[in-house]
Amino acid sequence: MSENCLFCKIVEGEIPVTILYEDEDIIAFNDINPQAPIHFLLIPKKHLSGPEDVAIEDERVAGKLMRMGNEIALQEGCSQYRVVVNNGPQAGQTVFHLHMHILGGRDMSWPPG
Ligand code: AMP
Ligand code: ZN
């Protein structure tokens, strides 16, 4: 756990969230400020600040984020969705614990803003 990390606090159960899935490696929960009818986040339980922190030993868990993101989206009745990882403030990252957004349930435009 990294001190003062919001998502580590969610992993520790210190901040309540609507959990969609949890196992020994990852947790998925609804975004508190949804940008689409379906908007949830998947995070590794291990604190990694972003993609640059993903080491070889983290590859299995990083892949699980993608696989479970798809499974949860399907469970939510959503087979078409957008996957977003914001890396760095310029890209819109505000929480510096690696997370994958899944957004769906509406038409999406491209390019993103
Ligand atoms: P990013 O801007 O890519 O770093 O994404 C951080 C996301 O975390 C944003 O979409 C926020 O709405 C979301 N978020 C912040 N606090 C919480 C919380 N307590 N529970 C659920 N989602 C949160
Ligand atoms: Zn963290």
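**View 1. Asn-86 meets ligand 1.** In this predicted model, a polar side-chain atom of Asn-86 sits 2.8 Å from an oxygen atom of ligand 1. Gly-92 takes part through its backbone, where a polar atom is 2.8 Å from an oxygen atom of the ligand. Val-95 also uses its backbone, with an N or O atom 3.0 Å from an oxygen atom of ligand 1. On its own, ligand 1 would expose 500 Å², and the protein buries 85% of that. Looking around, you will find 17 residues surrounding the ligand, and the closest are Asp-31, Asn-86, Gly-92, Thr-94 and His-101.

**View 2. His-101, a buried residue of strand S5.** Let us stay with one of the residues closest to ligand 1, His-101. This histidine belongs to strand S5. Is His-101 buried or exposed? His-101 has a relative accessible area of 12%, and it counts as buried because the cut-off for that is under 20%. Its side chain makes a polar contact of 2.9 Å with the side chain of His-39. Apart from neighbours within four places in sequence, His-101 is in contact with Asp-31, His-39, Phe-40, Leu-41, Arg-82, Val-83, Val-84 and Asn-86.

**View 3. Helix H2 and its buried side.** Helix H2 runs through residues 59–75, which makes 17 residues. From first C-alpha to last it reaches 24 Å, close to the 24 Å expected at 1.5 Å a residue. Which residues of H2 are buried? They are Val-61, Lys-64, Leu-65, Met-68, Gly-69, Ile-72 and Ala-73. These residues share one side of the helix because they cover an arc of only 160 degrees around its axis. On the face turned away from that buried side, look for the exposed residues Glu-59 and Arg-60. The buried residues of H2 pack against five named strands: S1 (19–22), S2 (26–30), S3 (38–44), S4 (81–84) and S5 (100–104). After the helix comes Gly-77, with a positive phi near 80 degrees.

**View 4. Phe-29 and its neighbours.** Strand S2 is one of the strands that the buried residues of H2 pack against, and Phe-29 lies in S2. With a relative accessible area of 2%, Phe-29 is buried. What does Phe-29 touch, not counting residues up to four places away in sequence? Its partners are Phe-7, Ile-10, Val-17, Thr-18, Ile-19, Leu-20, Phe-40, Leu-41 and Ile-43. Lys-9 is 20 residues away from Phe-29 along the chain, and the C-alpha atoms of the two are separated by 13 Å.

**View 5. Two backbone details to look for.** Most residues other than glycine have a negative phi, and most peptide bonds are trans. Asn-4, which is not a glycine, has a positive phi of about 60 degrees. You can find Asn-4 in the segment before helix H1 (6–11), where it counts as exposed at 68% relative accessibility. The second detail is the peptide bond from Trp-110 to Pro-111, which is cis, with omega near 0 degrees. Pro-111 is placed in the segment after S5.

**View 6. Asp-107 in the segment after S5.** This closing view stays in the segment after S5, where Asp-107 has its place. Asp-107 has 75% relative accessibility and counts as exposed. Ala-91 is 16 residues from Asp-107 along the chain, and their C-alpha atoms are separated by 21 Å.

How values were computed
Residues numbered from 1 in each chain as written. Chains lettered and ligands numbered in written order. Predicted model: local features only at pLDDT ≥ 70, side-chain atom pairs only at ≥ 80, totals over all residues. Heavy atoms only, no water. Helix = DSSP H or I, 4+ residues; strand = E, 2+ residues; numbered from the N terminus. Expected span 1.5 Å × (residues − 1). Buried < 20%, exposed > 50% of the residue type's maximum accessible area, 1.4 Å probe, protein only. Arc of directions from axis to C-beta. Contact = heavy atoms within 4.5 Å. Near = heavy atom within 4 Å. Polar contact = N/O pair within 3.5 Å; in protein donor to acceptor, adjacent residues only side chain to side chain. Areas by Shrake-Rupley, 256 points an atom, 1.4 Å probe, with all protein chains shown as cover.
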